[in-house]
Amino acid sequence: MSPHILILGGTTEARELAGELAARPGTRVTTSLAGRVARPGAVAGDVRVGGFGGARGLADWLREQRVDAVVDATHPFARTITANAARAAAVTGLPLVVLRRPGWRPGPRDDWHPVPSLHAAADLLPRLGRRRVFLTTGRLGLAAFAHLTELCFVVRSVEPPEPPVPPHTHVLLARGPFTVADETALLRDHRVDVLVTKDSGGAATSAKLTAARDLGLPVVVVRRPPLPDGVTAVPDTAAVLRRLNALGRS
C-alpha cells in the first residue's frame, strides 16, 4: 500500500516538502491548510482546508484516511495546532515530525528587546519612548495593541486585519519576500522609530531586521512558544525527508 503523509502546512517549507514527497512514486501527500489566507500558493498533492476539531478530530481523520506519518510544518507560532498534532500522533501511534525553521539571532549592532508575548510587546512599547511603530506580527493579534491610543502604527499583513486594531493604524497589504532596500524605504517613508516582529525565522521576512539595524532602530522580538513536552523539531525539509526515510514511510 502506498504511504500516506499528512503535512500540516501554510509555510514555504510545507509547500517545498509537499512537492518533494508528491514527486516520489507511490507516495500520497495531503497538505492541510487552516484556511486563514484566501489565496494560498499552489501546493502539490491533495489539499484540505479547515480545522479538524481539535486533537480528537485530527486523530479520527488520521485513522479514517489511513495516514502513515504526520509532518507539522506550520508557522512557529501555531501553538495550538502543534499541541493537537502531538496529542493525535500519540493517540494513534503515528510518527510525528515537526519542522521548524531556525529562529533569528541578534548581531552585535542589533538593539533587540525580546518579549514572551504580544501583550508583553504592547506593554513595553510606551516605555521605549517611541511613537511610530512598524507592526509585523500578523493580522490576528492586533487586539493586544488596540489600547495604545498615543502611538501610530504601520501594520503589514497579507490580508486585511481583523478588529479591534489600534486607532491610529495604516495598513499595508503585501506578501514577502521583501528586500532590504524595500524595507529601508518603508521605514524611512513612514518615519518608523521602532519595529515589532515575531521570531518567525527564515529569509522571506528577515530584511526588515537588517533595515532596522542599519537605521539604528530598536526591535521588539516576540519569542516563539515552546514545543509540547517530549517533542523536538528538525530545521529544514531535508531533515524531514531523512526522518521519513528512516521510518520507512516514504
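These legends describe close-up views of a predicted model.

**View 1. Arg48, a buried charged residue in strand β3.**
Arg48 sits in β3, which spans residues 46–49. Arg48 is buried, yet it has no salt bridge. The nearest side chain of opposite charge belongs to Glu64, 8.9 Å away. A salt bridge needs a distance within 4 Å, so Glu64 does not qualify. The side chain of Arg48 has polar partners instead. One is the side chain of Ser32, at 3.1 Å. The Arg48 side chain also reaches the backbone oxygen of Gly51, at 3.4 Å. Setting aside neighbours within four places in sequence, Arg48 touches Thr30, Thr31, Ser32, Leu33 and Trp61.

**View 2. Helix α2 and what covers it.**
Helix α2 runs over residues 54–64. Its buried residues are Ala55, Gly57, Leu58, Ala59, Trp61 and Leu62. An α-helix has 3.6 residues a turn, so residues three or four places apart point the same way. The cover over the buried residues of α2 includes strands β1 (4–8), β2 (28–33), β3 and β4 (69–72). Helix α3 (79–92) is also part of that cover.

**View 3. Arg66 and Arg191, two residues with positive phi.**
Arg66 comes just after α2, in the loop between α2 and β4. Its phi is about 55°, although Arg66 is not a glycine. Arg66 is exposed because its relative accessible area is 57%, and the cut-off for exposed is over 50%. Arg191 lies in the loop between α5 and β10 (194–198). Phi of Arg191 is positive too, near 55°. Arg191 has 56% relative accessibility, so it counts as exposed.

**View 4. Ser2, in the segment before β1.**
Ser2 is partly exposed, because its relative accessibility is 45%. A polar atom of the Ser2 side chain lies 3.2 Å from the backbone oxygen of Gly26. Beyond neighbours within four places in sequence, Ser2 is in contact with Gly26 and Asp68. Arg79 is 77 residues from Ser2 in sequence. In space, their C-alpha atoms are 31 Å apart.

**View 5. Glu183, a buried residue in helix α5.**
Helix α5 covers residues 180–189 and holds Glu183. The relative accessibility of Glu183 is 1%, so it counts as buried. Leaving aside neighbours within four places in sequence, Glu183 is in contact with Arg156, Phe178, Ala207, Lys208 and Ala211. Ala207 is 24 residues from Glu183 along the chain. Their C-alpha atoms are separated by 6.6 Å.

**View 6. Two cis peptide bonds, at Pro164 and Pro177.**
The bond from Pro163 to Pro164 is cis, with omega near 5°. Pro164 belongs to the loop between β8 (152–157) and β9 (169–173). Another cis peptide bond joins Gly176 to Pro177, with omega about 10°. Pro177 lies in the loop between β9 and α5.

**View 7. The interface of domain 1 and domain 2.**
The domain assignment gives domain 1 as 4–102 + 226–248 and domain 2 as 112–222. Their C-alpha centres lie 29 Å apart. Nine residues from domain 1 and eleven residues from domain 2 make the contact. The area buried between the domains is about 760 Å². Carbon and sulfur atoms give 51% of this area. What polar links cross the interface? Three residue pairs are in polar contact. Zero salt bridges are found there.

Terms used:
Residues numbered from 1 in each chain as written. Predicted model: local features only at pLDDT ≥ 70, side-chain atom pairs only at ≥ 80, totals over all residues. Heavy atoms only, no water. Helix = DSSP H or I, 4+ residues; strand = E, 2+ residues; numbered from the N terminus. Buried < 20%, exposed > 50% of the residue type's maximum accessible area, 1.4 Å probe, protein only. Lys, Arg positive; Asp, Glu negative; His and termini not counted. Polar contact = N/O pair within 3.5 Å; in protein donor to acceptor, adjacent residues only side chain to side chain. Contact = heavy atoms within 4.5 Å. Domains from an automatic or database assignment. Buried area = accessible area lost by both parts, 1.4 Å probe.
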